[in-house]
Amino acid sequence: MNFIQQIEIFENEKPRHDKVDTTTLKIALFAFGLPGLVMLVIMCLILPSKIEYVVKGEPVKAELISVSDKGSRFSFYYNEKKYEIHPGVRSAAWTEGETFTVYVLNGEPYKARLQSELFFGPMFLLVMGGVFFYIGFKVGLLGYLNTKRFNKRFWKEHPWVEISAKNAVETEGTVVKIVEHNAERDTTINRKLRFKKNYSLICCYDSDGQEKYVESAVFWTEPYKFIKPGTKVSILLDKNKSGKFIVDVNGLFRNAAEKIGEDK
């Protein structure tokens with residue numbers, strides 16, 4: 001038998017191969033990257049007003065009067081007058097009578113801000129936003145771009161057989177043998193994907209009363225549950241060029257999947 005090595009599998013004349021899926025990377029980008037970016041943007045928007053209190057405000061010592069589930073209360077003296085503030089932040093570790101620093105800006109004591117209040121919000125947004133941004137954009141976006149480049153290089157290294165519709169002649173063949181290839185010895189890009197086994201099909205078809213044999217492209221899905229010797233397969237031949245053909249391997253899997261669906 002003289003086998004002719006086909007370059008790639010075929011499905012409805014539309015290019016398709018087992019490229020690396022980018023769905024998970026897209027999810028990481030939108031679920032983590034964008035929320036992280038939003039948090040970092042919000043931090044940048046509120047940070048100037050926080051910094052203004054620290055840079056231009058007057059630091060004053062304040063006493064914690066009470067702390068409860070409803071919030072905390074602080075009292076302090078400013079220009080010999082006593083004032084109270086009720087910041088939104090609180091901590092279970094605080095005890096009544098402790099002293100804290102508050103900042104009074106533009107001589108407005110009722111708008112005084114607790115020091116920890118000024119730093120907690122931006123720090124929280126920075127840490128959480130940074131973590132989300134890292135996961136989303138480094139893992140998601142950069143991973144997505146690297147995978148796209150990987151898949152593009154795969155297409156370049158594994159070009160398609162092109163048979164124009166006007167030159168295509170479809171014939172029915174028969175799967176004769178399933179061939180296993182050791183992917184660890186493969187020098188193509190498949191090795192980088194670390195597939196243990198690749199497969200191809202030896203197919204037979206009738207040509208003017210003579211049996212001819214061709215070998216399909218290498219594919220990565222284990223075929224034994226779906227394809228067996230004797231299975232019918234479509235083969236496209238180029239009537240203008242001998243030896244130019246496409247074995248419809250994807251069609252075999254599609255038909256097998258439809259039959260499985262009918263059985264259920």
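## Exercises on a sheet and two acidic residues

In this predicted model, the side chains of Glu180 and Tyr224 are joined by a polar contact of 2.4 Å. Let's start from there.

**Exercise 1.** Place Glu180 in its strand, find which residues it touches, and decide whether it is buried or exposed, or in between.

*Solution.* Begin with the strand: Glu180 belongs to S6, residues 168–182. Next, set aside the neighbours within four places in sequence; Glu180 then contacts Lys197, Asn198, Tyr199 and Tyr224. Now take a C-alpha distance: Ser200 is 20 residues from Glu180 in sequence, yet the two are 6.7 Å apart in space. Finally, check accessibility: Glu180 has a relative value of 41%, so it counts as partly exposed.

**Exercise 2.** Work out the strand order of the open sheet and name the strands at its edges.

*Solution.* Walk across the five strands and you read S8-S7-S6-S9-S10, with antiparallel pairing. S8 (210–215) and S10 each have a single partner strand, so they stand at the edges and one side of each lacks a neighbour in the sheet. On average, neighbouring strands are turned by 35 degrees against each other, direction ignored. For a closer look at one edge, S9 (residues 232–238) pairs with S10 in the antiparallel sense over three bridges, and Ile235 faces Val247 of S10.

**Exercise 3.** Follow the chain out of S10: where is Asp248, and is it buried or exposed?

*Solution.* Asp248 sits in the loop between strand S10 (245–247) and helix H4 (249–263). Its relative accessibility is 13%; buried means under 20%, so Asp248 counts as buried. As a last step, look at its side chain: a polar atom there lies 2.8 Å from the backbone nitrogen of Gly251.

Methods
Residues are numbered from 1 along each chain as its sequence is written. This is a predicted model: local features need pLDDT of at least 70, side-chain atom pairs count only at pLDDT 80 or more; totals for chains, interfaces and linings use all residues. Side-chain values use heavy atoms; hydrogens and water are left out. Helices (H or I, at least four residues) and strands (E, at least two) are DSSP runs, numbered from the N terminus. Buried means under 20% relative accessible area, exposed over 50%, partly exposed in between (1.4 Å probe, protein chains only). A polar contact is a pair of N or O atoms within 3.5 Å; within protein, one must be able to donate a hydrogen and the other to accept it, and residues adjacent in sequence count only if both atoms are side-chain atoms. Two strands pair if DSSP finds at least two bridges between them. Axes are lines fitted to C-alpha atoms, for helices over the stretch in contact, and angles run from 0 to 180 degrees between N-to-C directions. Contact means heavy atoms within 4.5 Å.
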